[in-house]
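These are my notebook entries on one structure, kept in the order in which I looked things up. The model goes in first, and the entries follow.

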Amino acid sequence: MEINAQPLQEQKTASKSKKIWTCVLLAVIITCCYWGVFLSIDSAKALTIPGIFSLVFLQGMWFEFKGKPRWNRGINGAILFALTLTLVFGVAQLRTLYKEQQLKKYGVISYAKVVEVYKQKRLKGGPVFLAAIEYKIKGKDHYQSIDNKKQLYGVNDTLKIIYSSRNPDILDVKQYKKWNHDTGRITSSAYQDMAGNALVKEDFLNAPPQFRGGMNGFAAYLRNNLVYPRQARIKKTEGKVYVSFVVQGDGTITDVKAERGIGDGCDEAAVEVIKNSPPWLPGVQNGKPVRVKYNIPITFTL
């Protein structure tokens with residue numbers, strides 16, 4: 001009795017080929033995700049194309065229902081749709097989280113000047129508006145293009161930015177000043193937040209904002225309300241957390257952020273105590289209450 005070994009050999013070859021292609025496609029997918037998240041922050045969207053094709057081939061190899069073509073098409077289509085959404089939104093979310101983590105841990109506050117505004121054409125849709133900014137890192141000029149889709153920034157505008165000391169190309173714009181081309185100077189002493197609202201600097205106020213009760217009252221408020229995090233106590237973490245916030249015209253506190261911190265829960269504790277602060281006396285300029293950006297260090301000592 002003869003046994004034909006050819007089908008068995010072909011099956012083994014097909015199985016081996018399937019494993020090889022699986023490894024190749026998984027490597028492509030992982031490379032796309034890694035490159036998009038960590039290395040090429042601005043061009044990660046283009047990397048979804050090879051990633052999606054890899055997912056198509058991968059799910060086509062492994063999800064087969066022989067003899068049931070309708071099931072095969074339907075289930076494969078659903079799997080492909082789910083994997084595609086996971087890849088596209090997953091990479092975008094990872095990029096956002098990575099950027100936030102870098103700025104929180106390694107953030108450096110600096111000032112940049114807009115040296116050029118321009119637009120780039122796309123194959124589909126309208127043009128992309130960008131702005132080229134210049135800022136110094138360790139005494140050397142550094143250039144970077146940032147998004148300007150709302151066309152907020154013009155040439156010679158001054159931006160207050162925070163960038164990562166590990167990767168200066170990762171940055172976020174906090175506030176900006178407008179340049180008046182008719183007068184050849186900054187329009188006003190006020191920064192504007194990202195919604196376009198004026199933020200008056202303390203240097204140009206008739207009366208800066210202050211805690212009701214003065215600095216002694218504010219110090220007493222911190223002593224009674226600032227919670228030293230348990231993790232920071234265990235690790236004996238000490239230092240200053242620099243917190244920024246806006247005192248509105250009615251004295252309420254908004255937009256509280258830890259600009260530079262020491263970690264171990266101290267940053268969050270500092271933000272929380274400022275958020276819970278009672279209304280302040282607002283800053284006054286030309287006899288009128290104005291909203292003012294305020295910065296203050298909060299010290300943690302054991």
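**Entry 1: terms and ground rules.** I count a contact wherever heavy atoms lie within 4.5 Å, and I take helices (H or I, at least four residues) and strands (E, at least two) as DSSP runs, numbered from the N terminus. The model is predicted, and I therefore accept local features at pLDDT of at least 70 and side-chain atom pairs at pLDDT 80 or more, while totals for chains, interfaces and linings use all residues. Residues are numbered from 1 along each chain as its sequence is written, and side-chain values use heavy atoms, with hydrogens and water left out.

**Entry 2: the chain as a whole.** I looked up confidence before anything else: pLDDT, the predictor's confidence in each residue from 0 to 100, has a mean of 75 over the protein chain, and 61% of its residues reach 70 or more. Residues 40–44 have pLDDT below 50, and this stretch has nine contacts in the model beyond near neighbours in sequence. Where pLDDT is low, the predicted coordinates should not be read in detail. The protein chain holds six helices and 14 strands. Of its 302 residues, 32% count as buried, where buried means under 20% relative accessible area, exposed over 50% and partly exposed in between (1.4 Å probe, protein chains only). Among the contacts with a separation of 6 or more, 60% are made by residues 24 or more positions apart.

**Entry 3: helix 6.** What do the buried residues of helix 6 pack against? I found helix 4 (214–225), helix 5 (230–235), strand 10 (239–247), strand 11 (253–260) and strand 14 (292–300) on the other side of these contacts. Helix 6 spans residues 266–275 and is mostly covered, with seven of its 10 residues buried. The buried ones are Cys-266, Asp-267, Ala-269, Ala-270, Val-271, Val-273 and Ile-274. I also noted that helix 6 lies across strand 10, strand 11 and strand 14 and runs at about 160 degrees to strand 11, with axes as lines fitted to C-alpha atoms, for helices over the stretch in contact, and angles from 0 to 180 degrees between N-to-C directions.

**Entry 4: the sheet under helix 6.** Strands count as paired if DSSP finds at least two bridges between them, and on that basis I read an open sheet of three strands in the order 11-10-14, with antiparallel pairing. Strand 11 and strand 14 each have a single partner strand and stand at the edges, so one side of each has no neighbour in the sheet. From one strand to the next the twist averages 25 degrees. The antiparallel pairing of strand 10 with strand 11 rests on five bridges, and Val-247 stands opposite Ile-253 of strand 11.

**Entry 5: aromatic rings.** I searched the whole structure and obtained 11 aromatic pairs, using rings of Phe, Tyr and Trp (its six-membered ring) with centres within 6.5 Å, and calling planes under 30 degrees apart stacked, over 60 edge-to-face and the rest tilted. Tyr-228 and Phe-300 form an edge-to-face pair, because their ring centres are 5.4 Å apart and their planes stand at 90 degrees. This pair links distant parts of the chain, 72 residues apart, with Tyr-228 in the loop between helix 4 and helix 5 and Phe-300 in strand 14. Tyr-228 counts as buried at 13% relative accessibility, and Phe-300 is buried at 0%. Trp-280 and Tyr-294 are likewise edge-to-face, since their centres lie 5.2 Å apart and their planes are at 70 degrees. Here Trp-280 sits in the loop between helix 6 and strand 12 (283–285) and Tyr-294 in strand 14, 14 residues apart, and both residues are buried. I then found Trp-280 and Tyr-294 again in one aromatic cluster, together with Phe-211, Phe-218, Tyr-221 and Phe-245. Separately, I noted that Arg-260 lies over the face of Tyr-242, at 4.5 Å from the ring centre; the criterion is NZ of Lys or CZ of Arg within 6 Å of the ring centre and within 35 degrees of the ring normal.

**Entry 6: strand 4 and its partners.** Strand 4 (residues 158–164) is mostly covered, six of its seven residues being buried. Strand 1 (residues 107–120) runs antiparallel to strand 4 and is joined to it by seven bridges, with Ser-110 opposite Ile-161. Strand 5 (residues 171–177) is also antiparallel to strand 4, through six bridges, and Tyr-163 has Leu-171 of strand 5 as its bridge partner. A hairpin of six residues joins strand 4 to strand 5.
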